[in-house]
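Me: Please take a close look at the main nonpolar core of this model, and then follow the packing outward to the parts around it.

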Amino acid sequence: MDAQRALLDELMGAARNLTDEEKKGYREIKWDDKEVCAPYMIRFCPHDLFVNTRSDLGPCPRVHDQKLKESFENSPRHDSYVPRFEAELAQFCEKLVADLDRKVRRGRERLDQEVEPPPPPPISAEKAEQLSVLEEKIKNLLEQVESLGEAGKVDEAEALMRKVESLNLEKAALTQQPQNAATMLTQEKKMALCEICGSFLVANDAVERTQSHITGKQHIGYGMVRDYLAEYKEAKEKAREEERLAREKEAEERRKQREKENESKNRRSISSERDRHRDRDYGRDRERSREWNNRGNRDEGRGMDRRRQYDRNGRDGGRSTYHGRERERSRSRSPVRHGHRR
């Protein structure tokens, strides 16, 4: 029926049965509308898994449309809506699994509380008498076997032993038959619980029935729900782990960047300190050079003064010597003196 409706919707449109007045207010449904089933769009709708089973959830109240699903898959906004739809489906599945786990827990408690089969009833008087007779016969035969063995009659002793074994089997049948019947009855009624879907099964049942349960809608449906939920949680855990590693990597890169910046600052600080020391040494050297230059200029000035003084003194001395020599020559040329010498 749903397939036929979907085919008609595809051929004639979803508004094929509407009147002209109804069509005026009709709005075409899009895949991102609230009326559209998000779990169906992304993976599966749980309402479709348990149809005609004891876990039937009934029809889904929202729209299932293959054309809308194809439109969603081809939409450029597909990737941005996937996490939202996956989270909605996971929330639905988580509720189903929680309810099912409570059912499984109650079923397990019920199986644990089952009373063990009662002990076999006491042996009746008739069977007790039969057992007594058998035990007496066995006792007499064993005494005969012992006597025959001492007498060396081995063949006769072996024949009596076979009779003793036969009587022992009769005795075992009388004592064990009720217990075996109770055990068989218990085994027939022993139940098991399916941990996947919570169904009760007959333990040690036929292979055909077990296979029929495994391939049934309820078992497969709950298997899909559990598998999707486990896959979703694993993906979320992986994403959180990758996010944690990314944060740690980013923090490590920031730490290295800070260390590099601090190292660069330290190098600049050391370089600046070295430049300050160099400038200070250079200024001190210039000051010393200036002092030495000033001192040299003063010494040179004093030397020049001394040289000037010496030169002045030398010139004065030379001048007096020259004048004395001139006077001496003048006197020697004088006639008086020449006549005196004559």
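Reply: Contact here means heavy atoms within 4.5 Å. In this predicted model, F85 touches W31, A38, M41, I42 and F72, leaving aside residues up to four places away in sequence. F85 also belongs to the largest nonpolar core, which has 32 residues, and together with M41, F72 and V225 it touches the most other members. Helices α3 (38-42), α4, α5 and α9 (217-333) each supply at least two residues of this core, and the largest share, 11 residues, comes from α5.

A second, separate core of 11 residues includes L131, L148, L167 and L174. Of these, L131 and L148 are among the buried residues of α6, a set completed by L134, I138, L141 and V145. The helix itself covers residues 125-151, and because 27 residues at 1.5 Å a residue should span 39 Å, the 39 Å between its end C-alpha atoms agrees with expectation. After α6 comes G152, whose phi is positive, near 85°.

Returning to the helices that feed the largest core, S75 lies in the loop between α4 (66-74) and α5 (78-112). S75 has a relative accessible area of 13%, and since buried means under 20%, this residue counts as buried. The side chain of S75 reaches the backbone nitrogen of R77 at 3.1 Å, a distance that falls within the 3.5 Å limit for a polar contact.

Note on methods: Residues are numbered from 1 along each chain as its sequence is written. This is a predicted model: local features need pLDDT of at least 70, side-chain atom pairs count only at pLDDT 80 or more; totals for chains, interfaces and linings use all residues. Side-chain values use heavy atoms; hydrogens and water are left out. Helices (H or I, at least four residues) and strands (E, at least two) are DSSP runs, numbered from the N terminus. The expected span of a helix is 1.5 Å times one less than its number of residues. Buried means under 20% relative accessible area, exposed over 50%, partly exposed in between (1.4 Å probe, protein chains only). A polar contact is a pair of N or O atoms within 3.5 Å; within protein, one must be able to donate a hydrogen and the other to accept it, and residues adjacent in sequence count only if both atoms are side-chain atoms. A nonpolar core is a set of buried Ala, Val, Leu, Ile, Met, Phe, Trp, Tyr and Cys residues joined through side-chain atoms within 4.5 Å.
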